[in-house]
Amino acid sequence: MHESDGIANAATGAGWTEVAEAQADPRVTAIVTKGRDAMRKAEPQAKISGQMFRQRFEGRDVWLATSRVETDPQSPKGGWANGCRAYDLDAPAAPPRETIDGWVGTAPTSVQANGGASKRRWAPWQPGVSLEITYVPSGHPLGATYGIQGLILVSQSIGGF
């Protein structure tokens, strides 16, 4: 863990254990690698960093992946992006929408649904920060297309662009 990393400190303070990416669930590693590779292709000079954490909830391993991308601030596309993603890939069902909205404290700004899969988005969730909570049931076509299933929470912020 980096001493200055507030996200890592908050994660470990909340009971998450930092793990090497090689020790993570291969499904999560594949998702993280796909995102990192896409960013490297789009911004080859960008500095990309991140960490992986694990915690058990209701008998399942849940994974937390952090990311930071920094591009050249002198470039017209220069700036930074921070991301925090929690993956409960074996979640047996989506929490009720009332439960999700209760966690967040407000109704989402947009909702998408597709045959049992759903995405609730808050943009903004907090000043400068968006939040998405997605559930994809096992065997759903979106899971096959994107390599995801279960409950996925994504929070991100960008700046400097």
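These are numbered notes on the sheet, helices and cores of a predicted model.

1. Overall sheet. The model contains an open sheet of 8 strands, and the pairing is antiparallel. Read across the sheet, the strand order is β1-β2-β3-β4-β8-β7-β6-β5. Two strands form the edges, β1 (17-19) and β5 (110-114), and each of them pairs on one side only. From one strand to the next, the twist averages 20°.

2. Helix α1 on the sheet. Residues 6-13 form helix α1, which packs on the sheet. The strands touched by α1 are β2 (47-57) and β3 (60-70). The direction of α1 makes about 5° with that of β2.

3. The β5 edge. Strand β5 is joined to β6 (residues 117-126) by 5 bridges, and the two strands run antiparallel. Within this pair, A113 stands opposite S118 of β6.

4. The β6-β7 hairpin. Strands β6 and β7 pair in the antiparallel sense over 6 bridges. Opposite W122 stands L131 in β7. The hairpin has 2 residues between its strands, and G128 takes a positive phi near 75° there. Anyone checking backbone angles will find another glycine with a positive phi just after α3: G105, at about 100°.

5. Strand β7 and its other partner. On the β8 side, β7 pairs in the antiparallel sense over 8 bridges. L131 has S155 as its bridge partner in β8, while W122 is the residue that stands opposite L131 in the β6 pairing.

6. Burial of β7. How many of the residues of β7 are buried? The count is 8 of 8, and the strand is mostly covered. Both faces are covered. One side carries V129, L131, I133 and Y135, the other S130, E132, T134 and V136, and all of these are buried. The buried set on the second side therefore includes E132, under 20% relative accessible area.

7. Helix α3 across the sheet. Helix α3 (residues 97-104) lies across three strands: β6, β7 (129-136) and β8 (150-159). The helix runs at about 20° to β6. Among the elements that cover the buried residues of α3 are β6 and β7.

8. The two sides of α3. Which residues of α3 are buried? They are I100, D101 and V104. These residues lie on the same side of α3 because they cover an arc of only 95° around the axis. In an α-helix, with 3.6 residues a turn, residues three or four places apart point the same way. The face of α3 turned away from the buried side carries E98, G102 and W103, which are exposed.

9. The largest nonpolar core. This core has 15 residues, of which V28, M52, W63 and Y87 touch the most other members. The elements giving two or more residues to the core are α2 (26-42), β3 and β8. The greatest contribution, 3 residues, comes from α2.

10. Contacts of Y87. Leaving aside neighbours within four places in sequence, Y87 is in contact with V28, I31, D61, V62, W63, A65, L151 and I152. Among these contacts, V28 and W63 are listed with Y87 as core residues that touch the most other members.

11. The second core. A separate core of 8 residues includes A91, V104, I133 and L151. V104 is one of the buried residues of α3, and I133 is one of the buried residues of β7. L151, also in this second core, is among the contacts of Y87.

Definitions and conventions. Residues are numbered from 1 along each chain as its sequence is written. This is a predicted model: local features need pLDDT of at least 70, side-chain atom pairs count only at pLDDT 80 or more; totals for chains, interfaces and linings use all residues. Side-chain values use heavy atoms; hydrogens and water are left out. Two strands pair if DSSP finds at least two bridges between them. Helices (H or I, at least four residues) and strands (E, at least two) are DSSP runs, numbered from the N terminus. Axes are lines fitted to C-alpha atoms, for helices over the stretch in contact, and angles run from 0 to 180 degrees between N-to-C directions. Contact means heavy atoms within 4.5 Å. Buried means under 20% relative accessible area, exposed over 50%, partly exposed in between (1.4 Å probe, protein chains only). A nonpolar core is a set of buried Ala, Val, Leu, Ile, Met, Phe, Trp, Tyr and Cys residues joined through side-chain atoms within 4.5 Å. The arc is that of the directions from the helix axis to the C-beta atoms.
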